[in-house]
Amino acid sequence: MTMNYLSTRNKDLRLSAPQAIAKGLAPDGGLLTPAVLPRLPSSAVETMREMSYQQRVVYIMNSFLEGFAASELNSYASEAYGGGKFSHEDVAPVRKLDESTYCLELWHGPTCAFKDMALQILPHLLTASLDKNDEKKTVCILVATSGDTGKAALEGFRNVENTKILVFYPKDGVSEIQELQMVTQEGGNVGVSSVVGNFDDAQTGVKKLFADEKLAAELRERGYFLSSANSINWGRVLPQIVYYASAYCDLLKEGAIAKGQQVNVCVPTGNFGNILAAYYAKAMGIPIGRLICASNQNNVLTDFIHTGSYDRNRTFYNTLSPSMDILVSSNLERMVFELSGRDDRLVREYMSQLAQYGSYRVDSSIRTKLKKEFSAGCCSDEQTKAMIAKMWGECGYLIDPHTAVAFHVLDEYRVQTGDDTPTVVVSTASPFKFCDSVLDALGIKEHKGGLDILDQLAEVTGEPVPMPLARLKNRRRRFEGVVKKDAMKDCVLDFLK
Ligand SMILES: *Cc1c(COP(=O)(O)O)cnc(C)c1O
């Protein structure tokens with residue numbers, strides 16, 4: 001098998017695709033990245049135009065995954081995105097809002113958030129990779145979650161053979177709906193436990209488990225090893241490239257754009273995985289113009305794109321768009337690697353400055369390229385709510401707070417630049433996942449408790465409650481466990497008896 005993945009911190013390292021997916025992270029701490037970015041043939045968009053989403057998945061992923069047969073990818077794509085797993089037959093539909101504004105809805109999956117787009121297919125890529133690497137032990141995915149990722153990972157790994165998954169969430173750190181989504185999780189290979197404390201307690205606890213060599217040895221005896229389903233895994237970035245290509249094909253099919261015409265994308269950004277996938281789609285040959293990076297009040301990326309200085313030494317804000325409350329965007333390392341002309345020495349230097357001082361400044365050549373590809377803006381909670389109200393009032397389109405951040409930043413970008421290029425705004429969550437914020441934004445002060453708030457939002461707007469959330473009402477609570485931070489290890493040992 002060709003060794004065609006390298007580390008952003010060491011270009012001489014070479015791993016095969018199954019090794020890259022199984023490892024997740026390079027041994028030197030760098031991110032595993034294709035040694036060569038495949039270029040799509042000039043006929044690609046024409047070819048993909050008539051394809052289903054699942055076929056587009058195979059078409060795009062095939063060129064990155066040597067050692068995987070197209071027939072294998074076919075079956076993963078249908079298991080991940082077919083069979084009614086997504087409530088919309090187009091999987092990732094594009095909705096027209098006006099002559100130059102389109103919304104790519106990535107929340108029709110089983111947990112109503114865009115993490116499903118990658119986490120539905122990652123378990124298949126991962127188990128196939130382990131098999132190809134001749135790994136005999138069973139993988140156990142450990143996740144600490146502040147909400148969305150844990151549920152999406154549980155759904156993705158549910159009943160996938162040769163895998164187990166154990167999710168820890170902070171007792172005081174997730175919403176009632178998020179908690180219900182997790183503790184009612186079905187599947188024979190899943191475990192869920194709350195941890196006394198906040199997200200940081202849960203995350204620190206999981207990091208300790210990964211570093212615990214005694215635990216690893218004990219689990220090896222029992223035939224298990226631990227892994228994470230982290231958003232820096234190439235197996236999570238790759239499936240996200242597909243929906244940018246897919247959206248472009250759909251716009252062409254509808255006659256919204258002419259062949260070869262550029263479209264901009266505007267992406268609500270946290271860990272930089274989603275917008276990085278748009279960059280790769282562009283690098284492969286999809287006609288994408290500007291990449292507009294939208295942040296909430298945690299605007300470390302806005303500053304980076306404007307100034308070339310990344311500085312995490314700043315106040316952390318809890319905002320209405322919690323999945324973007326991040327000060328260190330791990331996937332940015334791949335972007336810096338690309339924009340530096342793949343200079344691994346430079347990446348090593350910047351990342352060691354980030355680890356040591358919490359900041360680094362890229363050189364002028366990278367700054368120039370950054371400005372050439374990206375625009376950036378940020379959005380306060382007040383502006384987020386105002387945008388939810390505006391989109392509902394003016395377009396009758398109900399959006400969640402993360403998506404609202406993107407629409408706000410796009411509005412500002414258009415005023416500042418006058419750029420009227422057709423633009424795809426990426427919508428990352430169903431508004432029903434954030435009922436409280438959305439009702440507030442619509443001016444409704446009294447909110448119903450528990451799951452009744454779903455019906456309240458449905459009554460106010462006339463929009464249907466998404467099935468996966470509506471179904472929570474009839475679900476049995478399966479997991480009641482609460483552990484102290486020090487007892488997480490026992491919880492793992494108990495789970496993998
Ligand atoms: C994870 C997430 C994001 C941020 O995506 P990144 O790939 O981390 O930039 C935005 N919105 C929602 C709803 C998310 O769950």
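This is a short talk on one protein chain, from its overall shape down to one helix and two single residues.

A word on the source: what you see is a predicted model. The protein has 22 helices and 16 strands. Its radius of gyration is 22 Å, and the globule rule gives 23 Å for 497 residues, so the protein is as compact as a globular protein of that length. Along the principal axes, the C-alpha atoms fill a box of roughly 60 × 60 × 50 Å.

How much of the chain is buried? Of the 497 residues, 58% count as buried. The contacts tell us about range in sequence. Taking those between residues at least 6 apart, 73% join residues at least 24 apart.

On the surface, the accessible area comes to about 19,800 Å², and carbon and sulfur atoms account for 46% of that. As for charge, there are 55 positive and 60 negative side chains, with the centres of the two sets 4 Å apart.

Now to helix H18, residues 401–417. With 17 residues at 1.5 Å a residue, H18 should span 24 Å, and the end C-alpha atoms are indeed 24 Å apart, which agrees. Which residues of H18 are buried? Pro401, His402, Thr403, Ala404, Val405, Ala406, Phe407, His408, Val409 and Leu410 are, and Tyr413 is too. Just after H18 comes glycine 418, with a positive phi of about 70°.

Next, valine 300, which sits in helix H13, residues 300–307. Its relative accessibility is 1%; the cut-off for buried is under 20%, so valine 300 counts as buried. What does valine 300 touch, apart from neighbours within four places in sequence? The contacts are Tyr310, Asp311, Arg314, Ile326 and Leu327. One of these, aspartate 311, is 11 residues from valine 300 in sequence, and the C-alpha atoms of the two are 6.7 Å apart in space.

The last residue is alanine 118, in helix H5, residues 115–119. Alanine 118 has 2% relative accessibility and therefore also counts as buried. Leaving out residues up to four places away in sequence, alanine 118 is in contact with Arg236, Pro239 and Gln240. Alanine 80 is 38 residues from alanine 118 in sequence, with a C-alpha to C-alpha distance of 9.1 Å.

To recap the two single residues: valine 300 in H13 is buried at 1%, and alanine 118 in H5 is buried at 2%. That is the end of the talk.

How values were computed. Residues numbered from 1 in each chain as written. Predicted model: local features only at pLDDT ≥ 70, side-chain atom pairs only at ≥ 80, totals over all residues. Heavy atoms only, no water. Helix = DSSP H or I, 4+ residues; strand = E, 2+ residues; numbered from the N terminus. Rg over C-alpha atoms; globule rule 2.2 N^0.38 Å. Buried < 20%, exposed > 50% of the residue type's maximum accessible area, 1.4 Å probe, protein only. Contact = heavy atoms within 4.5 Å. Areas by Shrake-Rupley, 256 points an atom, 1.4 Å probe, with all protein chains shown as cover. Lys, Arg positive; Asp, Glu negative; His and termini not counted. Charge placed at Lys NZ, Arg CZ, Asp CG, Glu CD. Expected span 1.5 Å × (residues − 1).
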